[in-house]
Amino acid sequence: AALLSKMGYNEKERVEIKIEFLRMITRMQIDMAKKTLITGFFETYLRLNPEEEKELEKRIRLLNPKEAEEMLELTTSWHEKGRQEGRQEGRQEGELKKAWEMAKKLLEMGVSPKQIAEASELPLEEIEELKKEIEG
């Protein structure tokens with residue numbers, strides 16, 4: 001089922017391939033953790049764009065209600081994992097932004113770019129560029 005994502009298909013078939021994958025995976029007698037793992041593999045090779053995702057959801061809702069519910073549960077669990085990863089990335093970006101704000105304050109206080117780079121692990125060249133912007 002997961003290898004469907006690597007088989008030859010054209011761009012117009014992407015949503016159909018994912019529907020067929022979801023049909024196969026929901027019919028398998030395996031637990032949700034394994035289904036999520038296999039779905040992750042599939043998603044690595046066939047990731048739908050937002051427009052295709054909307055089409056997928058619309059087409060799933062036209063299926064048998066029980067089958068549609070299982071498919072949507074599986075796609076929702078995968079999307080939840082993506083949201084968790086997104087939150088982690090957001091935290092990392094926030095930490096980086098805070099480090100740059102601190103670097104700017106330290107430069108304004110007269111701390112050398114080299115000392116800031118050593119303490120913050122930010123690139124020295126970029127800190128020096130920031131110092132030029134502040135002074136300029």
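Leaving aside neighbours within four places in sequence, which residues is Ile-19 in contact with? The legends below describe close-up views of a predicted model.

**View A. Surroundings of Ile-19 in helix H1.** Helix H1 covers residues 14–27 and includes Ile-19. Beyond its neighbours within four places in sequence, Ile-19 is in contact with Leu-56, Arg-59 and Met-71. Ile-19 counts as buried because its relative accessibility is 3%, below the 20% limit for that class. Glu-57 follows Ile-19 at a separation of 38 residues in sequence, and the C-alpha atoms of the two residues are 9.4 Å apart in space.

**View B. Salt bridge between Glu-67 and Arg-23.** The closest N and O atoms of this pair are 3.4 Å apart. The bridge links distant parts of the chain, with Glu-67 in helix H4 (residues 65–108) and Arg-23 in helix H1. In sequence, the two partners are 44 residues apart. Both Glu-67 and Arg-23 are buried; for Glu-67, the relative accessible area is 14%.

**View C. Salt bridge between Arg-27 and Glu-67.** Here the closest N and O atoms are 3.0 Å apart. This pair also links distant parts of the chain: Arg-27 belongs to helix H1 and Glu-67 to helix H4, 40 residues apart. Arg-27 is exposed, with a relative accessible area of 55%, whereas Glu-67 is buried, at 14%.

**View D. Salt bridge between Glu-55 and Lys-58 in helix H3.** The side chains of Glu-55 and Lys-58 meet at 3.5 Å, N to O. Helix H3 spans residues 50–60, and because Glu-55 and Lys-58 are three residues apart within it, about one helical turn separates them. Glu-55 counts as partly exposed, at 29% relative accessibility. Lys-58 is exposed, its relative accessible area being 52%.

**View E. Network of salt bridges around Glu-67.** Glu-20, Arg-23, Arg-27 and Glu-67 are joined into one network by salt bridges that share partners. Glu-67 is one such shared partner, forming salt bridges with Arg-23 and with Arg-27. A search of the whole structure finds twelve salt bridges.

**View F. Nonpolar surface patch at Leu-3, Phe-41 and Tyr-45.** These three residues make a nonpolar patch of about 300 Å² on the surface. Phe-41 lies in helix H2, which covers residues 32–45. With a relative accessible area of 34%, Phe-41 is partly exposed; this value therefore passes the requirement of over 30% for patch residues.

Conventions. Residues are numbered from 1 along each chain as its sequence is written. This is a predicted model: local features need pLDDT of at least 70, side-chain atom pairs count only at pLDDT 80 or more; totals for chains, interfaces and linings use all residues. Side-chain values use heavy atoms; hydrogens and water are left out. Patches are made of residues with over 30% relative accessible area and no salt bridge: like charges are joined within 9 Å, nonpolar side chains (Val, Leu, Ile, Met, Phe, Trp, Tyr) within 5 Å. Accessible areas come from the Shrake-Rupley method with a 1.4 Å probe; for residues, only the protein chains shown count as cover. A salt bridge is a side-chain nitrogen of Lys or Arg within 4 Å of a carboxyl oxygen of Asp or Glu. Helices (H or I, at least four residues) and strands (E, at least two) are DSSP runs, numbered from the N terminus. Buried means under 20% relative accessible area, exposed over 50%, partly exposed in between (1.4 Å probe, protein chains only). Contact means heavy atoms within 4.5 Å.
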